[in-house]
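Q: Could you take me through one part of this model in some detail? I would like to look closely at the aromatic rings and then at the pockets.

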Amino acid sequence: MAKIVGVAFPIPKQFMDRFFKEGKNVFIKPATVWKELKPGMKFVFYQSREDTGFVGEAKIKDIKLIDDPMEVFEMYGDRVFLTREELRAYVKSQERWGRKKKKWLVIELEDVKKYDKPIKPKRFVPVGGQYIKE
């Protein structure tokens, strides 16, 4: 069986420069693909919506599951890639879809690198993310 070496998550294009140019290094989303993740694994940025593809990568420094997504700002301050307002809107959109309250995944990243050009994935990257295997 292929070993899991990391994860790819889709992130809309308008947020990408926050990781590559503004030094943001904390990613948050409702917990989906995470059980096999460990610090040291690869985090691949999949740019969604336009100019899609893998556009960069980072190393996972730390992984946490939290109940209240807004707590992320007390933990990491302005290193979070979303603003408080954006995260509030994201939380509301999750509720609108009728999703029951679930944990939120917080991934702290290090060694963030942008690729020279996007790499098209062999398979579609679902909204929940997907593991990357060797």
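A: Happy to, and here is a walk through the aromatic pairs, followed by the two pockets. Please keep in mind that this is a predicted model.

Let's start with the rings. The structure holds eleven aromatic pairs. In one of them, Phe19 and Phe45 have ring centres 4.8 Å apart and planes at 50°, so the pair counts as tilted. Phe19 sits in helix α1 (residues 13–20) and Phe45 in strand β3, so this contact ties together parts that are 26 residues apart in sequence. Both Phe19 and Phe45 are buried.

Phe45 also pairs with Phe20, this time edge-to-face, with 5.1 Å from centre to centre and 70° between the planes. Here too a residue of helix α1 meets one of strand β3, so the pair ties together parts that are 25 residues apart in sequence. Phe45 has a relative accessible area of 0%. Phe20 has a relative accessibility of 18%, and because the cut-off for buried is under 20%, Phe20 counts as buried. If you step back from these pairs, you will find a cluster in which ring pairs link Phe9, Phe15, Phe19, Phe20, Phe27, Phe43, Phe45 and Phe81.

For a contrast, look at Lys92, which is in helix α3 (residues 84–96). Lys92 is exposed, with a relative accessible area of 57%. The C-alpha atoms of Lys92 and Phe20 are separated by 27 Å, and the two residues are 72 apart along the chain.

Helix α3 also leads us to the largest pocket, giving five residues to its lining, the largest share. The space in this pocket is about 650 Å³. Its lining has 23 residues, and those nearest the centre are Pro12, Arg49, Tyr90, Gln94 and Val127. Along with α3, strands β1 (4–12) and β2 (26–30) each supply at least two lining residues. By class, the lining has 13 nonpolar, five polar and five charged residues.

The second largest pocket has a volume of about 360 Å³. It is lined by 14 residues, with Phe54, Pro121, Lys122, Gln130 and Ile132 nearest its centre. Two or more of the lining residues come from each of β3 (42–48), β4 (53–66), β5 (104–119) and β6 (130–133). Strand β6 gives the most, with four residues. The lining of the second largest pocket divides into seven nonpolar, one polar and six charged residues. You met strand β3 earlier as the place of Phe45.

Technical notes. Residues are numbered from 1 along each chain as its sequence is written. This is a predicted model: local features need pLDDT of at least 70, side-chain atom pairs count only at pLDDT 80 or more; totals for chains, interfaces and linings use all residues. Side-chain values use heavy atoms; hydrogens and water are left out. Buried means under 20% relative accessible area, exposed over 50%, partly exposed in between (1.4 Å probe, protein chains only). On a 1 Å grid over the protein atoms alone, a cavity is a set of points where a 1.4 Å probe fits but cannot get out, and a pocket is an open set with protein on both sides within 12 Å along at least five of seven lines; lining residues have an atom within 4 Å of a point. Grid points are joined across faces, edges and corners, and a volume is the space filled by probe spheres set on the points. Ala, Val, Leu, Ile, Met, Phe, Trp, Tyr, Cys and Pro count as nonpolar, Asp, Glu, Lys and Arg as charged, and the others, Gly among them, as polar. Rings of Phe, Tyr and Trp (its six-membered ring) pair if their centres lie within 6.5 Å; planes under 30 degrees apart count as stacked, over 60 as edge-to-face and the rest as tilted.
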